[in-house]
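Me: I would like to learn how the metal sites and the ligand surroundings of a model are read. Could you take me through them step by step?

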Amino acid sequence: MKTPELKKIRKAMEKELDHKRYEHTVGVEYTAAALAMRYGAGLYEARLAGLLHDCAKCISDEKRIVICEKHHIPISDVERRNPSLLHPKAGAYLAEKEYGVKDPDVLHAILYHTTGRPGMSLLEKIIFVADYIEPGRDRAPGLQEIRVLAFTDLDGALRRILEDTLHYLEGRPEEIDPMTRTTMQYYRQEE
Ligand code: DGI
Ligand code: FE
Ligand code: FE
């Protein structure tokens, strides 16, 4: 039996997250599993990372900052001004220390699930894409097309999601994390 057990983690997330976030989490778990089947990644790892990717989403901004400061996790200026951007860093920390995840690939998939990064692993791409296309999502334009693309061309879907996210953010007052742009430039050149 692989540890931590998926059943235990799912129970913990049901307690830790609000109802909507929990539903999203289970959506990401199974969407990541389907993508793992399609592209030959580990099913357990995809489900575990899917279940834990937003584990720090329902704690306060203050608590996310405290977790990072206390454990010497560097906080960038953008993250300090927009502490919701810290949920992947705080989440990766909690996944390791509270939920017993040891696999660095799973921890990276949690850490980079919002901005991506240049040179993502297959599992990192799967979680990034699953987060965007899981069945509970309904806001993003072009979702239907991106859902098909995800199962035919994973890198194409990744690029499209990065472009759409940047486009969306450019029309909003929120600050853009430089990593989001760095990742897009990298995957555009990869084409
Ligand atoms: O946690 P989720 O909502 O499931 O998904 P996520 O972790 O990808 O976060 C999505 C939100 O984060 C979405 O509203 C877009 C936003 N986001 C992505 N990149 C950036 C960003 N927000 C800011 N302020 N800056 C970014 O670079
Ligand atoms: Fe998230
Ligand atoms: Fe999410």
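The dialogue below turns to the metal ions and then to ligand 1.

Reply: This is a predicted model, in which local features need pLDDT of at least 70 and side-chain atom pairs count only at pLDDT 80 or more, while totals for chains, interfaces and linings use all residues. Residues are numbered from 1 along each chain as its sequence is written, chains are lettered from A and ligands numbered from 1 in the order in which they are written, and side-chain values use heavy atoms, with hydrogens and water left out.

Me: Which residues coordinate the iron ion (ligand 2)?

Reply: Donors are N, O and S atoms within 2.8 Å of the metal (3.2 Å for Na, K and Ca), and water is not among the atoms, so sites may look incomplete. Here D54 (OD), H87 (NE2) and H113 (NE2) coordinate the iron ion (ligand 2) at 2.1 to 2.2 Å, and in sequence these donor residues follow the spacing D-x32-H-x25-H.

Me: Why does the pair D54 and H113 tie together parts that are apart in sequence?

Reply: Helices (H or I, at least four residues) and strands (E, at least two) are DSSP runs, numbered from the N terminus. D54 lies in the loop between α3 (43-52) and α4 (61-70), whereas H113 lies in the loop between α7 (104-111) and α8 (122-133), so the pair ties together parts that are 59 residues apart in sequence.

Me: What coordinates the iron ion (ligand 3)?

Reply: The iron ion (ligand 3) has H24 (NE2), H53 (NE2), D54 (OD) and D131 (OD) as donors, at 2.2 Å. Distant parts of the chain are linked by the pair of D54, in the loop between α3 and α4, and D131, in helix α8, 77 residues apart. D54 also bridges the two iron ions, ligand 2 and ligand 3, which lie 3.6 Å apart.

Me: Which polar contacts does ligand 1 make?

Reply: A polar contact is a pair of N or O atoms within 3.5 Å; within protein, one must be able to donate a hydrogen and the other to accept it, and residues adjacent in sequence count only if both atoms are side-chain atoms. An oxygen atom of ligand 1 is 2.9 Å from a side-chain N or O atom of R137, and an oxygen atom of ligand 1 is 3.1 Å from a side-chain N or O atom of D131. From E175, a backbone N or O atom lies 2.6 Å from a nitrogen atom of ligand 1.

Me: How many residues of the shell around ligand 1 are nonpolar, polar or charged?

Reply: Ala, Val, Leu, Ile, Met, Phe, Trp, Tyr, Cys and Pro count as nonpolar, Asp, Glu, Lys and Arg as charged, and the others, Gly among them, as polar. The shell around ligand 1 holds three nonpolar, six polar and eight charged residues.
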